[in-house]
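Work through the exercises below with the sequence and the model open side by side. Try each task before reading its solution.

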Amino acid sequence: MRYGTMLCAVGWVACAAEISEPQGGLLPGPSGGPGDGNGSSGVGQTLDETPGPSPRFIRLTHDQWARTVEDVLKDDSAQELADGFRADSFGAAFIFDNPADLSVDGPLWAAYQRAAAEVATRLVQDGARFEALTEDLSWDEAGARQLAQRLGEGLFRRPVSSEDVELLVDVYRDGRELSPDLAPFRAGVGLMVEAMLQSPLFLYRIEVGEPAGDGVRELSAWELASRLSYFLWNSPPDTALRAAAADESLLEPEVLRSQARRLLASPRAAAVLLDFHEQLLDVSKFSTIGPSAAFFPDVSERLPEFAATENRLFLEMVVQEGSFETLLTSNRTFVNAALADVYGLQGDFDDTFVPVELPDAERRGLFTHVGWLATYATPADPDPIHRGVFLSERMACNHITLPPGDIPPLPDPDGRTNRELVEKHTESTPECAGCHGALINPFGFAFESYDAVGGYRTEDNGFAVDTSGTPVIDGRLLQVSGAMDLMDQMAENPAVHACYTQHWVEYAFGRVASTEDRNLIERLAQASLEGTPVRDLVLALIDSRPFRTRVEDDQ
Amino acid sequence: MNRDRRRFLRGLGGAALGLPFLEGMSPRRASAQTAVGAEPFAIFFRQANGVAQAWGDEPERFFPRELGALTEASMQGRATGELAAHRSRLLILQSINYRGFDYGDGHANGALQALTGQGPTEPGAAGGSQAAGESIDHRIGRELNPGGDDSLFLYAGRNRGWLGGACISYRGPGQRRSAVNNPFDAYLNLMGGATGLDPEAQDRLVRRRESVNDLVRTQLNRLRSSPGLSTRDRQRLDLHLSSVRDLEVQLSCRLDEDRARMLENQSPGYDSTDGEDTLRTARLHMDVAALAVACAANRSVAIQVGSGNDGSTRYHHPETGQPMANFHYLSHRRLSHGSDGEVIPDSDLLHHYVDVQFARTFRHLLDRLAAYDTPDGGSLLDAGVAVWYNDNANGPPHGRWNVPWVLAGSAGGFLRQGQHLRVQNGTRDPNLTQLLNTLGTAVGVRSPGRPVLDDFGASGSAQGLLSDIVA
């Protein structure tokens with residue numbers, strides 16, 4: 001069963017809901033606390049954490065397809081091929097791009113065929129690469145058999161069964177006869193590689209596991225190696241991880257932790273940690289930033305690009321050394337001259353991004369940065385409704401009941417300030433005020449001290465901005481004076497940390513969180529609340545029982 | 001052009017059924033091609049956000065002035081006037097009404113219902129919604145295509161966005177299909193990859209594919225027969241297995257090398273927020289769609305422009321040439337995806353400008369289809385039906401009554417022609433499913449044991465045909 005449905009009320013926003021009981025389902029209540037684990041990952045773990053439902057066959061994402069081909073076949077053009085695959089449809093309400101219901105349809109199969117042929121052709125025509133791959137092999141059927149086992153372990157992420165080796169050798173034999181312009185061994189290997197790249201053993205991560213009681217199955221060492229590697233590197237297991245899978249030492253918790261730490265120390269893991277936050281924060285939307293030149297004549301046309309760079313540098317800092325609290329409250333960031341102007345910073349700046357500290361009295365955390373603020377703005381004004389919806393739903397996991405389908409024409413807005421206009425439009429009737437008054441507008445109004453490009457302001461249309469409000473998180477009213485106060489309170493709120501760790505669980509498992517994930521999410525949330533760095537949270541997730549297991553298939 | 005495609009294109013040559021030469025492809029020549037067959041087909045072209053039809057103080061800018069026989073005078077100045085050259089083959093419908101399902105959002109209610117006739121799998125999920133049934137384009141493909149091949153689902157616009165981007169075509173309840181964004185990839189998929197080779201090389205390619213497919217099928221069947229498999233995993237493997245096809249050499253379904261290269265070179269703009277790029281991509285998709293139905297490779301196509309609310313595409317002002325506010329803003333008449341934001345002056349006129357650009361794009365499809373002769377001497381456009389439809393009726397309310405549907409082609413004489421109709425005496429009762437049943441019937445889909453298709457869509461919806469539009 002799904003919980004905490006992520007809903008975005010973009011559209012003709014009016015709202016007919018009332019504040020309800022906390023909808024998150026997994027948010028820790030007053031008695032919520034850490035599990036009583038052994039502390040081996042620094043965060044503890046509990047045996048009552050259970051895996052949620054997951055498929056047995058998990059198709060590689062397009063990026064994973066490319067990374068696997070690059071790593072195993074040393075083909076540096078694989079990403080170009082994968083970029084041409086048709087985009088996957090999006091699972092309902094899932095915010096990450098690795099949903100568990102990826103499938104192979106006709107157009108994708110055709111693209112796989114073309115890509116496999118291209119990769120294989122490049123391999124057999126690349127003298128140095130082909131010879132490096134086969135230098136210790138005899139160029140005959142026995143060599144092809146060895147190559148099938150060697151490449152198969154990398155591409156299939158497990159030892160190749162004798163049955164599958166023979167299937168591949170059959171293809172090798174056919175290939176020798178079907179490419180007369182190539183030497184027979186190269187021709188045979190070429191078709192064999194084509195087959196390997198179209199094999200379901202390559203295209204799917206297969207997780208079966210062994211029964212471990214109570215409807216739970218323990219992953220095999222090879223399955224665990226793939227789960228770990230694709231989570232932290234978005235790539236197949238490397239040599240060291242394959243070795244730990246081959247001797248099954250990876251099933252020992254301390255070895256799993258050691259391997260996870262090793263992978264986390266790599267730049268590849270940093271890229272994945274960054275990717276999580278960029279998807280969570282919908283950074284791709286920064287490209288839609290388009291302030292009105294009439295209202296903001298001095299703002300650079302490259303603001304979307306600069307905002308994305310600032311955001312990336314800030315997030316890299318967070319995932320390198322910081323915690324979720326850092327993301328919410330740090331006043332450190334990175335600016336160039338154009339952004340320094342928006343932030344009102346004094347000093348010598350040029351095109352180079354440099355670290356700065358933003359004024360304590362004006363900024364706190366990523367949500368007071370230009371990128372997020374300007375994305376959730378119209379070309380002329382802040383957009384408190386969508387700023388509010390984003391924070392309320394995505395960062396606090398509030399559930400907002402959606403507006404009715406047919407909204408009559410609304411009267412022209414009337415008010416002295418942006419806040420007054422929005423209040424009169426959305427809080428003048430009970431059916432709208434139910435959501436807007438507590439779950440949407442107060443989150444957005446807190447940011448009325450930032451204009452449509454993220455510049456700090458104390459007045460709007462000649463009147464003092466009002467940033468006070470009473471947003472609701474986890475069913476409880478907060479009194480906030482403005483954005484910085486809201487960020488401070490969110491950083492201390494268990495439900496907000498639970499929302500963050502819920503998203504980590506969803507990202508790691510490639511599915512919407514389920515009720516079975518509750519205990520794991522709560523334990524990680526408590527750790528996050530106590531200031532555990534992001535990297536250690538990830539390590540704790542890997543160190544959990546749900547990461548090492550899967551649930552019995554639901555028939 | 002990337003390297004693999006260059007190599008691929010080098011192999012092309014010989015006789016082919018290509019696109020008719022029309023403006024934009026070759027301005028110096030105009031000649032028709034003869035289609036392989038004249039089997040009825042359906043091509044659906046989808047626009048979001050309603051049209052600039054009469055609403056409140058806003059004047060009518062979309063529908064012709066008069067009901068009844070279409071005339072140039074009645075159409076002039078209206079968005080549908082862009083189609084006047086094809087008026088004898090048009091059927092412009094008013095009073096097509098959708099149901100008010102609990103999607104929690106007007107865009108979801110329109111985009112996900114329009115081709116499925118279904119409500120949501122989960123009430124009130126808005127942007128996270130999924131339709132609870134198969135779409136008519138997929139049904140037509142599944143029942144009428146050789147081997148039950150999927151219909152073509154083609155998309156122009158940015159990935160993601162509201163409703164996740166491409167969202168109108170469904171395989172079944174909650175089973176949203178992925179769309180092909182790149183027209184050149186759609187073309188490559190269509191032709192199968194075996195053309196342009198000499199017979200010996202073709203034979204080798206066929207045998208190579210067979211060899212690989214044998215291995216893939218063996219492994220898929222082994223995985224499928226493993227004990228304790230969940231229904232979802234079995235469905236996933238079944239879809240994969242059904243996608244593994246042996247190569248059928250398509251001698252007719254291809255372009256000559258120059259035009260294939262032209263298609264490829266024009267294709268890269270498919271992932272753009274620029275309205276010119278987006279509609280250019282839609283036209284290229286239409287070229288592929290026309291080729292597909294002309295060579296009888298597919299009898300059903302759905303072409304979607306923009307995400308669920310087409311919220312990032314900026315179409316261009318016809319006089320200044322500059323990008324206007326994104327289409328969703330224009331449809332709201334404000335600089336906002338919600339109800340706040342500055343009012344956009346003359347935004348109903350700007351919405352009309354967008355409608356006109358969609359009308360011209362639809363006309364491109366009709367021109368393409370009309371330029372193919374059928375073996376019996378008719379036009380390919382007469383053999384099937386091309387449909388330009390919308391998720392919503394109009395701008396700000398994103399209503400579900402009087403949603404514009406424009407049909408072109410009689411599907412072999414089944415549908416009325418040359419008319420502007422207000423169906424069912426202007427009812428506000430939902431009748432979308434009757435329209436979908438009629439379109440399905442027109443191209444040859446039948447309910448089991450019945451002479452027509454009359455059970456498509458959600459239970460509780462009006463069933464049977466929309467008799468007003470049957471010839």
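**Exercise 1. Pair two strands of chain A, then place them in their sheet.**

Strand 3 of chain A and strand 4 (residues 216–218) of chain A are joined by 2 bridges and run antiparallel. Strands here are DSSP E runs of at least two residues, helices are H or I runs of at least four, and both are numbered from the N terminus. Two strands pair if DSSP finds at least two bridges between them. Next, find a residue pair: Pro211(A) lies opposite Arg217(A) of strand 4 of chain A. Now widen the view. The open sheet has 3 strands in the order 3-4-11 (chain A), with antiparallel pairing. Strand 3 (210–211) and strand 11 (549–551) of chain A are the edge strands, each pairing on one side only.

A note on conventions. This is a predicted model, in which local features need pLDDT of at least 70, side-chain atom pairs count only at pLDDT 80 or more, and totals for chains, interfaces and linings use all residues. Residues are numbered from 1 along each chain as its sequence is written, while chains are lettered from A and ligands numbered from 1 in the order in which they are written.

**Exercise 2. Summarise chain A, then locate Gly510(A).**

Start with the elements: chain A has 24 helices and 11 strands. Then take burial. Of the 555 residues in chain A, 59% are buried. A residue is buried if 20 or more other C-beta atoms lie within 10 Å of its own, exposed if 12 or fewer, and partly exposed in between, with C-beta atoms placed from the backbone. Then take contacts, meaning C-beta atoms within 7 Å. Among contacts in chain A with a separation of 6 or more, 69% link residues 24 or more positions apart.

Gly510(A) sits in the loop between helix 21 (494–509) and helix 22 (518–529) of chain A. Why is Gly510(A) classed as buried? Because 23 other C-beta atoms lie within 10 Å. Finally, compare sequence and space: Gly510(A) and Val422(A) are 88 residues apart in sequence, and their C-alpha atoms are 37 Å apart.

**Exercise 3. Trace the sheet of chain B.**

Write down the order first. The open sheet has 8 strands, ordered 3-12-4-11-10-2-8-5 (chain B), with mixed pairing. Its edge strands are strand 3 (68–69) and strand 5 (152–156) of chain B.

Begin at strand 5 of chain B. Strand 5 runs parallel to strand 8 (residues 300–305) of chain B, with 5 bridges between them. Phe153(B) has Ala302(B) as its bridge partner.

Move on to strand 2 of chain B. Strand 2 also runs parallel to strand 8 of chain B, through 5 bridges. Here Ile43(B) is partnered with Val301(B). Strand 2 and strand 10 of chain B are parallel too, joined by 6 bridges. One bridge pair is Ala42(B) with Val385(B).

Now sort the side chains. In a regular strand they alternate between the two faces of the sheet. From strand 2 of chain B, Ala42(B), Phe44(B) and Arg46(B) point one way, Ile43(B), Phe45(B) and Gln47(B) the other, and all are buried. With 6 of its 6 residues buried, strand 2 of chain B is therefore largely enclosed by the rest of the structure.

**Exercise 4. Check the length and burial of helix 9 of chain B.**

Helix 9 (residues 275–294) of chain B has 20 residues. The expected span is 1.5 Å times one less than the number of residues. That gives 28 Å, and the end C-alpha atoms are 28 Å apart, which agrees. Next, burial: 18 of the 20 residues are buried, so helix 9 of chain B is largely enclosed by the rest of the structure. After helix 9 of chain B comes Ala296(B), with a positive phi near 60°.

**Exercise 5. Describe the side of chain B that touches chain A.**

Count first: 74 residues of chain B contact 67 residues of chain A. Helix 6 of chain B gives the most to this side of chain B, 11 residues.

**Exercise 6. Decide how far to trust chain B.**

pLDDT is the predictor's confidence in each residue, from 0 to 100. Chain B has a mean pLDDT of 88, and 90% of its residues reach 70 or more. Residues 1–15 of chain B stay under 50. Residues 23–31 of chain B are also below 50. Where pLDDT is low, the predicted coordinates should not be read in detail. For the complex, the predictor gives an ipTM of 0.87 and a pTM of 0.86.

Methods
Two residues are in contact if their C-beta atoms, placed from the backbone, lie within 7 Å.
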